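The exercises that follow ask you to read a structure step by step, with a worked solution after each task. Keep the sequence and the coordinates open while you work.

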Amino acid sequence: EDDFQFILCEGCQQESPSLKLLTCLHTLCLSCLSKNKPIGQCPVCYMAIPQASSIPNTDNLLFTSLQARLKVYKKIVDGVNLFCDNCKKASEFWCSECEEFLCTKCFEAHQRYLKRESHEAKRVMDIRAGSAKDFLEHIRRTSNLSCSNPTHKSQIVSIYCKKCCKPMCCICALLDSHHAPFCDIRSETRRRQEELGTMSQKLKQKRSGFEATYAALQDEATRLEQAQQEMRELIRQRVEQLVRLIQQEEEELLGLVEARQEQGRRELARELQRVEGVLRRMEAGERLVEKMSLYATEQEVMEMQPFIKDSLEELQRLQPPAAGDQPQPGDMAECRARLQAL
């Protein structure tokens, strides 16, 4: 669906089980990163990739998880090979907690034995009648954060330790007296989401400055092209009136104009590319924060928020160049003086 094109690789626009999140907040698959490895830059915004291998260590858990969930939804909508994961009969229900399809008989047993766990299984036909967003919202609502302690995997996390900066279950909090102070995990998740939202709003305000700079640089590039064309035409008109003895001077003047024009073009192109890259990073940050607020589970928020926060803080520190700092095209005064002397 068009609403979920954002979970594809931003390089090749294809699905991938291995999506990496760069510090510029663009998401690329391993194939695109490998192709771009000799350059060592993000192909979208041209920001350097800090890792020596050009392969970031951070996985985009949100996009990878959304791909897996949407595959389940597509399987339900298509209605092909929907069999009970327990007895292989035709399935009628889907449990988002167990991530299993259930037939009517297995569903009754599921409800009887897991009623204390508050597992909410939905009818397949009800899921098929709803939208993909409804399906994702149901999974997000019923998803719980598991304890990071390997021996407590069955425990649901409900506490956040501000000292350790990590979530934990009640058993961990009771057995280890060094953990303090505590707060509710949902309030900490909400605080992190709000923090990302505030940073995103500040970036939107700063973005206008970069957009103005980008527009000014584009205008300057156009003016530079026009000035170059006018100078070339003027040189040709004057030189054509001269005799063969001054044709060498004509070539020197044209060469000087080309050199100055090329120098100015390169400077403007570099600045345009840099500002365009910053704008794309800002767009990626805004889009990622938006999708996090819409689709991210608590597990994904807890694991991805610090990385995203660092990248957003780096973007906030950037400032658009002042008008006096912008690159200026090559001066044509020397060309005009020599032409006047002719």
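**Exercise 1.** How much space lies in the largest cavity? State also which residues line the largest cavity.

*Solution.* Bear in mind from the start that this is a predicted model. The structure holds one cavity of 30 Å³ or more, and about 40 Å³ of space lies in the largest cavity. Its lining is formed by Glu10, Leu21, Leu25, Thr27, Asn60, Phe63, Ala284, Arg287 and Leu288. Sorted by class, this lining comprises five nonpolar, two polar and two charged residues. Helix H8, which runs over residues 247-295, contributes the most to the lining, with three residues.

**Exercise 2.** Determine which residues of the largest nonpolar core touch the most other members, and which helix gives the largest share of that core.

*Solution.* Begin with the core itself, which has 57 residues, and in which Leu62, Phe135, Leu288, Met292, Ile308 and Leu312 touch the most other members. The largest share of this core, eleven residues, comes from H8. Next, take isoleucine 308: once its neighbours within four places in sequence are set aside, isoleucine 308 is in contact with Leu21, Leu25, Leu196, Leu288 and Met292. A second, separate core has ten residues, with Ile235, Leu253, Leu256 and Met332 among them. As background, nonpolar side chains in soluble globular proteins tend to be buried together.

**Exercise 3.** Describe the span of helix H2 and list its buried residues; then decide why arginine 69 is classed as buried and alanine 68 as partly exposed.

*Solution.* Helix H2 covers residues 61-78, which makes 18 residues, and its first and last C-alpha atoms are 26 Å apart, close to the 26 Å expected at 1.5 Å a residue. The buried residues of H2 are Leu62, Phe63, Ser65, Leu66, Gln67, Arg69, Leu70, Tyr73 and Ile76. Arginine 69 has a relative accessible area of 8%, and is therefore buried, given that the cut-off for this class is under 20%. Leaving aside its neighbours within four places in sequence, arginine 69 makes contact with Phe135, Leu136, Ile139, Tyr295, Thr297 and Glu300. Alanine 68, which also has its place in helix H2, is at 45% relative accessibility and so counts as partly exposed. Computed along the sequence, alanine 68 and proline 17 are 51 residues apart, while their C-alpha atoms are 8.7 Å apart in space.

**Exercise 4.** Which values of phi do glycine 79, tyrosine 46 and lysine 88 take, and where do tyrosine 46 and lysine 88 lie?

*Solution.* Just after H2, glycine 79 takes a positive phi of about 70 degrees. Most residues other than glycine have a negative phi. Tyrosine 46, although not a glycine, nevertheless has a positive phi of about 70 degrees; tyrosine 46 lies in the loop between helix H1 (30-35) and H2, and at 27% relative accessibility tyrosine 46 counts as partly exposed. Lysine 88 likewise has a positive phi, near 70 degrees, in a residue other than glycine. Lysine 88 is found in the loop between H2 and strand S3 (93-95), and with a relative accessible area of 57% lysine 88 is exposed.

**Exercise 5.** Is proline 321 buried or exposed, and how far is proline 321 from valine 275 in space?

*Solution.* Locate proline 321 in the loop between helix H9 (298-317) and helix H10 (333-341). Its relative accessible area is 17%, so proline 321 is buried. Proline 321 and valine 275 are 46 residues apart in sequence, and 9.2 Å apart in space, C-alpha to C-alpha.

Notes. Residues are numbered from 1 along each chain as its sequence is written. This is a predicted model: local features need pLDDT of at least 70, side-chain atom pairs count only at pLDDT 80 or more; totals for chains, interfaces and linings use all residues. Side-chain values use heavy atoms; hydrogens and water are left out. Helices (H or I, at least four residues) and strands (E, at least two) are DSSP runs, numbered from the N terminus. The expected span of a helix is 1.5 Å times one less than its number of residues. Buried means under 20% relative accessible area, exposed over 50%, partly exposed in between (1.4 Å probe, protein chains only). On a 1 Å grid over the protein atoms alone, a cavity is a set of points where a 1.4 Å probe fits but cannot get out, and a pocket is an open set with protein on both sides within 12 Å along at least five of seven lines; lining residues have an atom within 4 Å of a point. Grid points are joined across faces, edges and corners, and a volume is the space filled by probe spheres set on the points. Ala, Val, Leu, Ile, Met, Phe, Trp, Tyr, Cys and Pro count as nonpolar, Asp, Glu, Lys and Arg as charged, and the others, Gly among them, as polar. A nonpolar core is a set of buried Ala, Val, Leu, Ile, Met, Phe, Trp, Tyr and Cys residues joined through side-chain atoms within 4.5 Å. Contact means heavy atoms within 4.5 Å.
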